[in-house]
Amino acid sequence: RPFRNAQIFDMIYYGNGGFNFSDLYTMPVYLRNFYFRKMVDTKTKEKEAQEAANKKGESPNSNKKIHRPDINRTPKA
């Protein structure tokens, strides 16, 4: 029972509104398990895509200090 309740909670919480409690509670177990596995697979792929995008956006020089341009300023008179 604890697994079923946790699975139902996860599917409601992470399912983006696709399911409600009564639908999941009365759904046949084999069908609920199918949707749960699909949701986990989708969330895993989303996470991998996000990590790849974050890694792609990093530059190799991101830790270097940015220096101001060397501009000769005239002193105020």
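**Figure 1. A salt bridge joins the side chains of K43 and E46.** In this predicted model, the N to O distance of the K43–E46 pair is 3.9 Å. A search of the whole structure finds one salt bridge. Both partners belong to helix α3. K43 and E46 sit three residues apart, about one turn of the helix. K43 has a relative accessible area of 30%, so it counts as partly exposed. E46 is at 43% relative accessibility and is therefore partly exposed as well.

**Figure 2. Helix α3 spans residues 29-57.** The helix has 29 residues. From first C-alpha to last, α3 reaches 42 Å. That is close to the 42 Å expected at 1.5 Å a residue. Which residues of α3 are buried? R32, F36 and M39 are. The salt-bridge pair K43 and E46 lies in this helix too.

**Figure 3. Six residues make up the largest nonpolar core.** The members are I8, M11, L24, M27, F36 and M39. Which elements give two or more residues to this core? They are α1 and α3. Nonpolar side chains tend to be buried together in soluble globular proteins. Two of the core residues, F36 and M39, are buried residues of α3.

**Figure 4. F36 is in contact with Q7, D10 and M11.** This list leaves aside neighbours of F36 within four places in sequence. F36 is buried in α3. F36 and M11 are both members of the largest nonpolar core.

**Figure 5. Q7 of helix α1 is in contact with R32, N33 and F36.** Again, sequence neighbours of Q7 within four places are left aside. Is Q7 buried or exposed? Its relative accessible area is 2%, so Q7 is buried. Q7 and R32 are 25 residues apart along the chain. Their C-alpha atoms are separated by 8.8 Å. R32 is itself buried, in α3.

**Figure 6. F9, Y13 and Y14 form a nonpolar patch on the surface.** Together the three residues have about 380 Å² of accessible area. Y14 is placed in helix α1, which covers residues 2-14. Y14 counts as partly exposed because its relative accessibility is 43%, between the 20% and 50% limits.

**Figure 7. N16 has a positive phi.** The angle is near 55°, in a residue other than glycine. Where is N16 found? N16 is in the loop between α1 and α2, the latter being residues 21-26. N16 is exposed, because its relative accessible area is 66% and the limit is over 50%.

**Figure 8. The whole chain follows the pattern α-α-α.** There are three helices and zero strands. The chain has 77 residues, and 10% of them count as buried. Its exposed area is about 7,300 Å². Carbon and sulfur atoms supply 55% of that area. Consider the contacts with a separation of 6 or more: residues 24 or more positions apart account for 48% of them. The Q7–R32 pair, 25 residues apart along the chain, is one in contact.

Notes
Residues are numbered from 1 along each chain as its sequence is written. This is a predicted model: local features need pLDDT of at least 70, side-chain atom pairs count only at pLDDT 80 or more; totals for chains, interfaces and linings use all residues. Side-chain values use heavy atoms; hydrogens and water are left out. Patches are made of residues with over 30% relative accessible area and no salt bridge: like charges are joined within 9 Å, nonpolar side chains (Val, Leu, Ile, Met, Phe, Trp, Tyr) within 5 Å. Accessible areas come from the Shrake-Rupley method with a 1.4 Å probe; for residues, only the protein chains shown count as cover. A salt bridge is a side-chain nitrogen of Lys or Arg within 4 Å of a carboxyl oxygen of Asp or Glu. Helices (H or I, at least four residues) and strands (E, at least two) are DSSP runs, numbered from the N terminus. Buried means under 20% relative accessible area, exposed over 50%, partly exposed in between (1.4 Å probe, protein chains only). The expected span of a helix is 1.5 Å times one less than its number of residues. A nonpolar core is a set of buried Ala, Val, Leu, Ile, Met, Phe, Trp, Tyr and Cys residues joined through side-chain atoms within 4.5 Å. Contact means heavy atoms within 4.5 Å.
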